[in-house]
Amino acid sequence: MTADPAPATSTDRRHPPAPDAAPTTSTEPRPPATASHDSEPSAALVEFMRQGWAPRTSDAGPVAAVARYAARRRRALQHALPGRTIVVPAGAPKTRNNDVAYPFRASSDFWWLVGANLPDAVLVLDDTDAVLYARAPKSRHDSDEFFRDRQYGELWTGPQPSLRDLERQLDIATAPLEECIERLQRSEESRTVVLRGHDPRVDAVVPPHPDDRSLATLLAELRLLKDDWEIAELTTAADATIRGFADVAREIRAAAERDVDISERWVDGTFWRRARAEGNDVGYPTIAAAGPHACVLHWTRNDGLLHKGQLLLLDAGVETRHGYTADVTRTMPISGAFTEAQRQVYQLVLAAQEAAFAALKPGAAFRDYYRAAAAVLAQGLADWGLLPASAADIDGPHGDLHRRYTLHNPGHMLGLDVHDCAAARRNRYHDGFLEPGHVLTVEPGLYFQPDDLTVPPELRGIGVRIEDDVVITPGGYRNLTAALPRHPDELVRWLAQPTP
């Protein structure tokens, strides 16, 4: 996915608080997540529903592989903030419309520290203690929740792990969620910092602290270097994403064989099927941009058709079941062959990416690969006569004129968020240095708008981006997505493979 021009604070768009329950005229309080069209059960039905169920059995299984890594991350956070009570919420389910919720996705910092995607849960740390406060399923015999609560009831949404199961799976002390607010009400305000913006209950009970923002920054910087478990997850995400791109290529070939145009939505859905089958979801809205739509950097409407003779820019990534996402772009000729103008643009972007790769090594400034890609693009555009010759000097007074045709930076950190660690300070990220364990994207692009009179007609409406995911290693870097073809001739051969 295209890199932002400058780092921005991460926001979780999917988890605002659930709306208040619909009013009811019943003399008994309605469970919090029933709907207005639910009938009130009779006393006889309630009594009948509470009887005749087998005892709940544990399905905790062994300790999760992520548990020891999450424990190490918590210790690093405790060590960085001694003498503090640290509160990191997962967030609440988010309403899409009326009583329809978005699929829940925990805040990335909570997921990183706990290793689980748990709605409403809250992690509380102090110098020596770590407690996960989570919703505990109520017994079938003393609550109607299991058959009346649409949000948490077992018969509505499936069984939920008990606190004991969570404690065993995640190797962390647990406590009922209702005890969390009580603890926070007793906590010393001057010592308590909160990761805000995820759980309004927590935000309301703990007064803002001047160091709350520092907590978000610290967490982003702790997450910059990926541990072995995270790199394995990102490799899994990359491998699944490669298979998703192959799915799309097969659909394009099949459409060509049938001599029909398919839609960007069909491409979007084809990749999404792979993301849901092998992972949690897509890591961000898929960009399936055909023809001039490829010149819109974040084209996610995906409502156009793929026409022969055009390019398809596909920017997509599978998010694993543990929340880590790939972020890959390929630009491919829909008819299976590049036109001369399309190949000209593609070759320049590919040369910029190769230059960026060559700048990746431990100890190099993060921005070195930005500069390497920019220098190639600026020189190429000057050679084509689109910019004055002086624009090839990216340190000169005209050094950023090439950005008219590229706009975004050629990469960003990658992990639990597609634009990972965005709250980190500039001196640790954009103005920092590469280290083994950094995972980032390399994604130069050129975009010639259909109405841009500064470029010749044959280039207008062509958009090309090539994006791969790399991990910095002690000896340089490893391209996690190298199995996807990048060279234009490789793409042509790939698209020409017979449909099985």
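**View 1. Strands β16 and β17 of this predicted model form a hairpin.**
Let's begin with a simple turn-back in the chain: β16 and β17 make a hairpin, and 2 residues lie between the two strands. β16 covers residues 468-473, while β17 covers residues 476-479. The pair is antiparallel and is joined over 4 bridges. To find one of these pairings by eye, look for I472, whose bridge partner in β17 is Y477.

**View 2. The hairpin strands belong to an open sheet of 3 strands.**
Step back a little from the hairpin and β13 comes into the picture, giving the strand order β13-β16-β17. The pairing in this sheet is antiparallel. Which strands stand at the edges? They are β13 (residues 439-442) and β17, and each has a single partner strand, so one side of each is left without a neighbour in the sheet. Ignoring direction, neighbouring strands here are turned by 40° against each other on average.

**View 3. Another open sheet is built from 5 strands.**
Follow the strands across this sheet and you will pass β6, β5, β4, β1 and β7, in that order. The pairing is mixed. At the edges are β6 (residues 173-176) and β7 (residues 192-194); each has a single partner strand, so one side of each has no neighbour in the sheet. From one strand to the next, the twist averages 25°.

**View 4. Inside the sheet of View 3, β4 and β5 run antiparallel.**
Here you can zoom in on β4, residues 122-125, and β5, residues 130-134. How many bridges join them? There are 4. A handy landmark is L125, which stands opposite A130 in β5.

**View 5. Helices α6 and α9 lie across strands of the sheet with 5 strands.**
Helix α6 (residues 163-170) lies across β5 and β6, and it runs at about 160° to β6. Helix α9 (residues 212-222) lies across β1 (residues 85-89) and β7, running at about 60° to β7.

**View 6. Helices α12 and α13 cross at roughly 150°.**
Helix α12 spans residues 340-358 and helix α13 spans residues 368-383; their axes come within 7 Å. The two helices are therefore roughly antiparallel to each other, and their crossing is right-handed. On the α12 side, look for L348, V349, A351, A352, A355 and A356. They meet Y369, A372, A373, V376, L377, G380 and L381 in α13. What kinds of residues make up this contact? By class, 12 are nonpolar, 1 is polar and none is charged.

**View 7. Helix α12 also packs with helix α14, at an angle of about 120°.**
The axes of α12 and α14 (residues 488-496) are 10 Å apart. From α12, the contact uses R343, Y346, Q347 and L350, and from α14 it uses P488, D489 and L491. This contact of α12 with α14 has 4 nonpolar, 1 polar and 2 charged residues.

**View 8. Helix α14 packs with helix α10 as well, at an angle of about 65°.**
Helix α10 covers residues 228-258, and its axis lies 9 Å from that of α14. That angle makes α10 roughly perpendicular to α14. F245, A246, A249 and R253 in α10 meet W494, L495 and A496 in α14. The contact of α10 with α14 has 6 nonpolar residues, no polar ones and 1 charged one.

**View 9. Confidence in the predicted model, with a close look at residues 6-31.**
The mean pLDDT of the protein is 92, and 92% of its residues reach 70 or more. Over residues 6-31, however, the pLDDT is below 50. In the model this stretch has 44 contacts beyond near neighbours in sequence. A friendly word of caution goes with this view: where pLDDT is low, the predicted coordinates should not be read in detail.

Methods
Residues numbered from 1 in each chain as written. Predicted model: local features only at pLDDT ≥ 70, side-chain atom pairs only at ≥ 80, totals over all residues. Heavy atoms only, no water. Axes fitted to C-alpha atoms, helices over the stretch in contact; angles between N-to-C directions. Parallel < 35°, antiparallel > 145°, perpendicular 65-115°, else oblique. Left-handed = near helix turned anticlockwise from the far one by under 90°. Contact = heavy atoms within 4.5 Å. Nonpolar A, V, L, I, M, F, W, Y, C, P; charged D, E, K, R; others polar. Pairing = 2+ DSSP bridges. pLDDT = per-residue confidence, 0-100.
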